[in-house]
Amino acid sequence: MATMDDTDSALLGHLQRDARLTNRELARLTGIAPSTCLERVRNLRARGIITGYHAAVDPRALGRSLQALIFARLRPLSREVITSFRGYLSGLPEVLSVLVVSGDEDFVIHVAVPTIEDLHAFLMDRVSARREVVDFRSSVIYQRTVTQVLTPLGGADDG
């Protein structure tokens, strides 16, 4: 795990809440000089802690008011089958995220679609049509809460 101090943690917290902060504003919020702030943020990127900056988009604003999780089992279970199915799913516009998991299912697929009919069509046309899928089930998401700020576990000084 990368060693981080309280200033690095504060920078990460502020950037995760608002990645559009200017360097000057970020420096003011963390109580450091702008040049120090810039160097620290560059260092966080170089160390792979900050991997990018993204715009948060509300799927409902794009007409996708229904979200669901789809749990799928594949056979034969091999690296090639998993890689191929993951790549297939990643290219579908309905898919928000793909997780390869342990347990009874092999995949958890997070989708956002306009209606329940669209979810049904996705399940029938995109999931069950794949010959490697031997079983699947879906759960509609009623509410979702996302952790906006990811911090180191066990304190900022752990390394």
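Helices and strands here are DSSP runs, numbered from the N terminus, with at least four residues for a helix and at least two for a strand. With that in hand, E132 can be placed: it sits in the loop between α5 and β4 (133-141). We'll come back to E132 after a look at the whole chain. Keep in mind that this is a predicted model.

Let's start with the overall layout. The chain has five helices and four strands. Reading from the N terminus, the elements come in the order α-α-α-β-α-β-β-α-β. The chain is also split into two domains, with domain 1 covering 8-47 and domain 2 covering 59-141. Their centres, taken over C-alpha atoms, are 37 Å apart.

What about the general outline? Along the principal axes, the C-alpha atoms fill a box of roughly 55 × 35 × 25 Å. The radius of gyration of the chain is 20 Å, while a compact globule of 159 residues would have one near 15 Å. Of those 159 residues, 29% count as buried. The accessible surface adds up to about 10400 Å², and carbon and sulfur atoms account for 51% of it. Now take the contacts between residues at least 6 apart in sequence: 67% of them join residues at least 24 apart.

Next, the inside. In soluble globular proteins, nonpolar side chains tend to be buried together. In this chain, the largest nonpolar core has 20 residues, and the ones with the most contacts inside it are I70, F85, F107, I109, V111, L119 and F122. Two or more residues come from each of β1 (66-74), α4 (79-90), β3 (107-113) and α5 (116-127). Which element gives the most to this core? That would be β1, with five residues.

F107 is a good residue to zoom in on. Leaving out residues up to four places away in sequence, F107 touches I70, F71, A72, L74, I82, F85, R86, L89, V98, L99, V100 and V101. Apart from the core just described lies another one, of 10 residues, with L12, L15, L26 and L44 among them.

Now for some loops. The one between β2 (95-100) and β3 holds E105, and D104 is found in that loop too. Are E105 and D104 buried or exposed? E105 has a relative accessible area of 18%, so it counts as buried, whereas D104, at 64%, is exposed. The cut-offs behind those words are under 20% for buried and over 50% for exposed.

What does E105 touch? Setting aside its neighbours within four places in sequence, E105 is in contact with F71, A72, R73 and R137. With R137 there is also a polar contact between the two side chains, at 3.2 Å. As for D104, here is a distance to try in the viewer: from D104 to V127 is 17 Å, C-alpha to C-alpha, and the two are 23 residues apart in sequence.

Back to E132, as promised. Its relative accessible area is 10%, so E132 is buried. Beyond its neighbours within four places in sequence, E132 is in contact with R73, L74, R75, V81 and F85. F85 is also one of the residues with the most contacts inside the largest nonpolar core. R75, for its part, leads to a detail of the backbone: the peptide bond from R75 to P76 is cis, with omega near -5 degrees. P76 itself is in the loop between β1 and α4.

Two threonines round off the tour. T51 lies in the loop between α3 (34-46) and β1. Its relative accessible area is 73%, so T51 is exposed. T51 and M124 are 73 residues apart in sequence, and their C-alpha atoms are 35 Å apart in space.

The other threonine, T151, is in the segment after β4. T151 has a relative accessibility of 46% and so counts as partly exposed. Along the chain, T151 and V101 are 50 residues apart, and 23 Å separate their C-alpha atoms.

Technical notes
Residues numbered from 1 in each chain as written. Predicted model: local features only at pLDDT ≥ 70, side-chain atom pairs only at ≥ 80, totals over all residues. Heavy atoms only, no water. Core = buried A, V, L, I, M, F, W, Y, C linked by side-chain atoms within 4.5 Å. Buried < 20%, exposed > 50% of the residue type's maximum accessible area, 1.4 Å probe, protein only. Contact = heavy atoms within 4.5 Å. Domains from an automatic or database assignment. Rg over C-alpha atoms; globule rule 2.2 N^0.38 Å. Areas by Shrake-Rupley, 256 points an atom, 1.4 Å probe, with all protein chains shown as cover. Polar contact = N/O pair within 3.5 Å; in protein donor to acceptor, adjacent residues only side chain to side chain.
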